[in-house]
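Student: Before we go through this model, please show me the sequence and the structure. I will then ask about its parts in turn.

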Amino acid sequence: MRAKVIFDVEGEKMPILYRHRFMDLIISALAESNRDYKLFLYPEDKTDRKIVKPFTFSVMLPQNYYLKKEKFKIFDFEVEDIVFYLSNDKRISLFISSCSYEFFVNLYNGLLSLKEFKFSSDLTLKLSKVYMLNERKINSKEVVLKTMSPILIETANDKPIIPFDESGDLLKEESLSVFNEEFNALHNRILKDIRGFQLYEKLFFSPVKIRKQVVKHALRDFTKQTGKPYMILTTFEGIFKLRGDPKDLLMLYQLGIGLRTGQGFGMVEVIT
């Protein structure tokens with residue numbers, strides 16, 4: 001299931017570190033609609049095992065924004081980084097994809113109940129429309145995908161893995177074995193948590209046109225643990241082929257690819 005949520009915007013400034021606030025919006029909507037479900041996905045006891053979130057999202061800003069580097073607040077820190085100044089057409093689109101009907105129903109009802117969300121001291125989001133989008137059917141064993149938000153792949157030891165060699169060139173198909181080994185291990189863990197069993201068969205990732213992307217990402221728990229205002233993640237974005245069982249390909253299309261999908265990473269669209 002996929003949806004496009006359109007917000008009218010009051011204010012003009014949005015910092016480049018914005019994903020955590022859209023996470024807060026989603027959490028607030030779930031709490032408004034079904035507190036028990038919100039607590040299932042986001043337990044208050046932080047010692048509980050982390051729950052893999054059954055969704056991913058991406059954000060589209062209005063066209064014709066301009067960028068300016070200035071100071072802004074992240075939690076208790078003042079940082080200096082890029083700020084988006086939004087155009088007169090102040091509408092922001094939030095794209096959401098999920099493999100869970102329960103998640104979608106609770107999110108939709110919660111958004112309708114919230115109506116608006118105080119994003120920052122400079123910005124308020126007011127719900128305008130929610131559209132359900134047509135989901136692409138996946139019946140073949142290979143699809144071509146394009147990222148809507150960056151993909152994060154890490155080993156079990158939190159080491160980033162990207163399909164580039166040491167000189168920064170894309171790995172050729174015959175050199176992708178190590179990357180694909182980690183790619184499969186990661187998605188075996190994720191899918192076992194989500195649906196109770198691993199991949200039906202191995203996946204094979206093959207880059208078409210992708211680039212490395214370094215992303216600054218803010219999380220309150222990370223800041224509490226490290227004393228740093230944000231983390232720096234090594235990701236990639238662009239176009240790639242993915243081969244595997246059609247049922248697995250559909251699940252990853254719905255759920256998102258890689259880590260931190262519920263934090264605004266790994267959303268993809270089907271090209272062919």
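Tutor: A nonpolar core is a set of buried Ala, Val, Leu, Ile, Met, Phe, Trp, Tyr and Cys residues joined through side-chain atoms within 4.5 Å. Buried means under 20% relative accessible area, exposed over 50% and partly exposed in between, with a 1.4 Å probe and protein chains only. The model is predicted: local features need pLDDT of at least 70 and side-chain atom pairs count only at pLDDT 80 or more, while totals for chains, interfaces and linings use all residues. Residues are numbered from 1 along each chain as its sequence is written, and side-chain values use heavy atoms, with hydrogens and water left out.

Student: How many residues does the largest nonpolar core have, and which helix gives the most to it?
Tutor: The largest nonpolar core has 39 residues, and Phe22, Phe57, Ile92, Leu94, Phe103 and Leu125 have the most contacts inside it. Helices (H or I, at least four residues) and strands (E, at least two) are DSSP runs numbered from the N terminus. With seven residues, the helix that gives the most to this core is H1 (residues 19-33).

Student: From which domains does this core draw at least three residues each?
Tutor: Domain bounds come from an automatic or database domain assignment. At least three residues of this core come from each of domain 1 (2-133) and domain 2 (142-270).

Student: How far apart are the C-alpha centres of domain 1 and domain 2?
Tutor: The assignment for the protein chain gives domain 1 as 2-133 and domain 2 as 142-270. Between their C-alpha centres the distance is 22 Å.

Student: How many residues does the contact take from each domain?
Tutor: Contact means heavy atoms within 4.5 Å. The contact takes 24 residues from domain 1 and, from domain 2, 32 residues.

Student: Which residues does phenylalanine 103 touch, leaving out those up to four places away in sequence?
Tutor: Phenylalanine 103 is among the residues with the most contacts inside the largest core. Its partners, beyond four places in sequence, are Ile26, Leu30, Tyr37, Leu41, Pro54, Phe55, Ile96 and Ser98.

Student: Which strands pair with E1, and which residue is the bridge partner of aspartate 8?
Tutor: Two strands pair if DSSP finds at least two bridges between them. E1 is joined to strand E6 (residues 91-98) by seven bridges and to E8 by nine bridges, antiparallel in the case of E6 and of E8. Phenylalanine 7 stands opposite isoleucine 92 in E6. In E8, the partner of aspartate 8 is lysine 126.

Student: What stands opposite glutamate 116?
Tutor: Strand E7 (residues 116-120) runs antiparallel to strand E8 (residues 123-133), with four bridges between them. E7 and E8 form a hairpin with two residues between them. Opposite glutamate 116, in E8, stands lysine 126.

Student: Is aspartate 81 buried or exposed, and with which side chain does its own make a polar contact?
Tutor: Aspartate 81 lies in strand E5 (residues 77-85) and, at 8% relative accessibility, counts as buried. A polar contact is a pair of N or O atoms within 3.5 Å; within protein, one must be able to donate a hydrogen and the other to accept it, and residues adjacent in sequence count only if both atoms are side-chain atoms. At 2.7 Å, the side chain of aspartate 81 makes such a contact with that of lysine 216.

Student: Why does the end-to-end distance of H4 agree with its length?
Tutor: The expected span of a helix is 1.5 Å times one less than its number of residues. H4 (residues 177-195) has 19 residues and so should span 27 Å, which agrees with the distance between its end C-alpha atoms, 26 Å.

Student: What do the buried residues of H4 pack against?
Tutor: The buried residues of H4 include Phe179, Phe183, Leu186 and Ile190. They pack against strand E10 (204-217), strand E11 (231-243) and helix H6 (246-255).

Student: Which residue caps the N-terminal end of H6?
Tutor: Eight of the 10 residues of H6 are buried, among them Leu249, Met251 and Leu252. Just after H6, glycine 256 has a positive phi of about 100°. At the N-terminal end, a side-chain oxygen lies 2.8 Å from the backbone nitrogen of lysine 247, and the capping residue is aspartate 245.
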